[in-house]
Amino acid sequence: PRKVTMFLALRELKFARGRFTLMGIVIALIAVLVVLLSGLSSGLVNDGVSGLKSMPATAFAFDKGTITDNAFSRSLVDQAQLAAWRGAEGVNDAEPMGVSIVNGTTDTDQQIDLTLFGIEPDGFLAPEVSSGHPLGDSLGGIVVSETAKRDGVKVGTIVTLDRIGLELTVVGFTKGQATFGHVDVAYLPIDTWRLIASNTATPGAPTAEAIDALDFAYSSVIAVKADSTTEFATIDSDAGTMTMLRTEAFNASPGYEAETLTLSMIQVFLYAICALVVGAFFTVWTIQRKHEIAILRAVGASRRYLLRDSIAQAAILLVGFTLLGVGVGVGVGAIMPEAMPFDLEAGPIALASALTVGLGLIGAGIAVVRISRIDPITALGGQR
């Protein structure tokens, strides 16, 4: 019976290839959509928070009571709060970090938007550069996301900030993408950021005299490197802050939570549709082959063999056409325009494909479980 049932399953795939091919095309189209949504999700995440993802910080401390939506731009912490974190037990390092989004114009009259990350040039937040050189002691230097090259930015480009006229010179580029809120990140010394945030910057390059005269000892947040056992709640109580782990802080960037929740909702419904469509197909198919199944049960095929055979048939269909759909999806994703935030990553695609196959098998399994309940005598009698 074991060989007979597998033989029957393969013969059904061959002789009912029209129906199976039609169902397979539906599965492949679902797989294409899953791959495209996965790539879009990864692209939006990288375009929204790649600057934060690349940071070696464990967590970020915001001023207590800051609204979590777009908290990086709303928060403002002082030196006393920074000192409390630096002296806290379990904290290996803590640095101030300023965040603000600005508009500017390059020396080639190209308008550009930048997210300024004010950091300590020699601190752990300083990015690795792929070209040019790190910030060092340059007050007016910025290290820009490598993706800014698409706007014609290069080492030596001077960016003049709108309204205040402050001039910042590109000294290097990050390794890979560094964006925040879908805007390219520009790393600059924290003192220069404070000059901008305090509204005391004057036209031209920033000077040491202007920095020395600055009376603005604030930053947006405190970037923290801490042990896994650190009691953040206790430190928050003492410092008057609220802490988010690095991955939790992604939701504090502009639009991140709304975008990811929307795409996640679409993906969930797509997986549910896959399970329902495959389940409906195999429900109808099982009803149509009820007589053949009854004959096999009558000649001694066990319920286990029949169930395994039906699931194997669904698995062949799902795996084969899901792989086809993934291949098509990857091909379509490879030709996406650069302006679209789209990234093909093996991990999310593999997970999405596994979910498509797994949920499809669950749908098929629920449909064919009726096989175990078939009474061969009744089924055969019903055909007379």
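This passage describes aromatic pairs, one helix, the nonpolar cores and a few individual residues in a predicted model.

Aromatic rings offer a convenient way in. The structure contains 9 aromatic pairs. A pair of aromatic rings is described by the distance of the centres and the angle of the planes. For Trp 85 and Phe 232, the ring centres are 6.1 Å apart and the planes stand at 40 degrees, so this pair is tilted. The two residues come from distant parts of the chain: Trp 85 belongs to helix 4 (residues 79-86) and Phe 232 to helix 7 (residues 232-239), with their positions 147 residues apart in sequence. Trp 85 and Phe 232 are both buried. Phe 250 and Tyr 256 make a pair with centres 5.9 Å apart; their planes meet at 65 degrees, over the 60 degrees required, so the pair is edge-to-face. Burial applies here as well, to both Phe 250 and Tyr 256. Elsewhere, ring pairs join Phe 60, Phe 62, Phe 72, Phe 117, Phe 180 and Tyr 187 into a cluster.

Two lysines also meet aromatic rings. Lys 149 places its charged end over the ring of Phe 173, 4.9 Å from the ring centre. Lys 225, in turn, lies over the face of Phe 124, and here the distance to the ring centre is 5.4 Å.

Helix 4, the home of Trp 85, deserves a closer look. Its buried residues are Gln 81, Leu 82 and Trp 85. Viewed down the helix axis, the buried residues of helix 4 fall within an arc of 100 degrees, so they line one face of the helix. The packing partners of these buried residues are strand 1 (59-63), strand 2 (91-106), strand 10 (221-226), helix 7 and strand 11 (241-245). Helix 7 is also where the ring partner of Trp 85, Phe 232, is found. At the N-terminal end, helix 4 is capped by Asp 78, which has a side-chain oxygen 3.2 Å from the backbone nitrogen of Ala 80.

The nonpolar interior can be followed next. The largest nonpolar core comprises 29 residues, and those with the most contacts inside it are Leu 52, Phe 60, Phe 72, Met 97, Phe 117 and Tyr 187. At least two residues of this core are supplied by each of helix 2 (17-53), strand 1, helix 3 (71-74), strand 2, strand 3, strand 9 (183-189) and strand 10. Helix 2 gives the largest share, 3 residues. There is also a second, separate core of 25 residues, including Ala 16, Ile 30, Leu 317 and Val 368. Phe 60, Phe 72, Phe 117 and Tyr 187, listed for the largest core, are also members of the ring cluster.

Strand 3 provides two buried residues for a local view. Thr 115 is found in this strand, which spans residues 111-119, and is buried, with a relative accessible area of 0%. Beyond its neighbours within four places in sequence, Thr 115 is in contact with Val 99, Ser 100, Ile 101, Phe 180, Val 183, Asp 184, Val 185 and Ala 186. Leu 114, also in strand 3, counts as buried at 2% relative accessibility. With residues up to four places away in sequence set aside, Leu 114 touches Ser 100, Ile 101, Val 102, Ile 142, Val 144, Val 159, Val 183, Asp 184 and Ala 186. Leu 114 and Gly 181 are 67 residues apart in sequence, while their C-alpha atoms are 9.8 Å apart.

Leu 125 sits in the loop between strand 3 and strand 4 (129-132). This loop residue is buried, with a relative accessible area of 2%. Its contacts, leaving aside neighbours within four places in sequence, are with Met 55, Ala 57, Glu 95, Pro 96, Met 97, Ile 119, Tyr 187 and Ala 223. Leu 125 and Lys 154 are 29 residues apart in sequence and 22 Å apart in space, C-alpha to C-alpha.

Finally, two loop residues other than glycine have positive phi values. Asp 109, in the loop between strand 2 and strand 3, has phi near 65 degrees and counts as exposed at 66% relative accessibility. Asn 199 has a positive phi of about 60 degrees and lies in the loop between helix 5 (190-197) and helix 6 (208-212). Asn 199 is exposed too, with a relative accessible area of 67%.

Key
Residues numbered from 1 in each chain as written. Predicted model: local features only at pLDDT ≥ 70, side-chain atom pairs only at ≥ 80, totals over all residues. Heavy atoms only, no water. Phe/Tyr/Trp six-rings, centres within 6.5 Å; stacked < 30°, edge-to-face > 60°. Helix = DSSP H or I, 4+ residues; strand = E, 2+ residues; numbered from the N terminus. Buried < 20%, exposed > 50% of the residue type's maximum accessible area, 1.4 Å probe, protein only. Lys NZ or Arg CZ within 6 Å of the ring centre and 35° of its normal. Arc of directions from axis to C-beta. Contact = heavy atoms within 4.5 Å. Polar contact = N/O pair within 3.5 Å; in protein donor to acceptor, adjacent residues only side chain to side chain. Core = buried A, V, L, I, M, F, W, Y, C linked by side-chain atoms within 4.5 Å.
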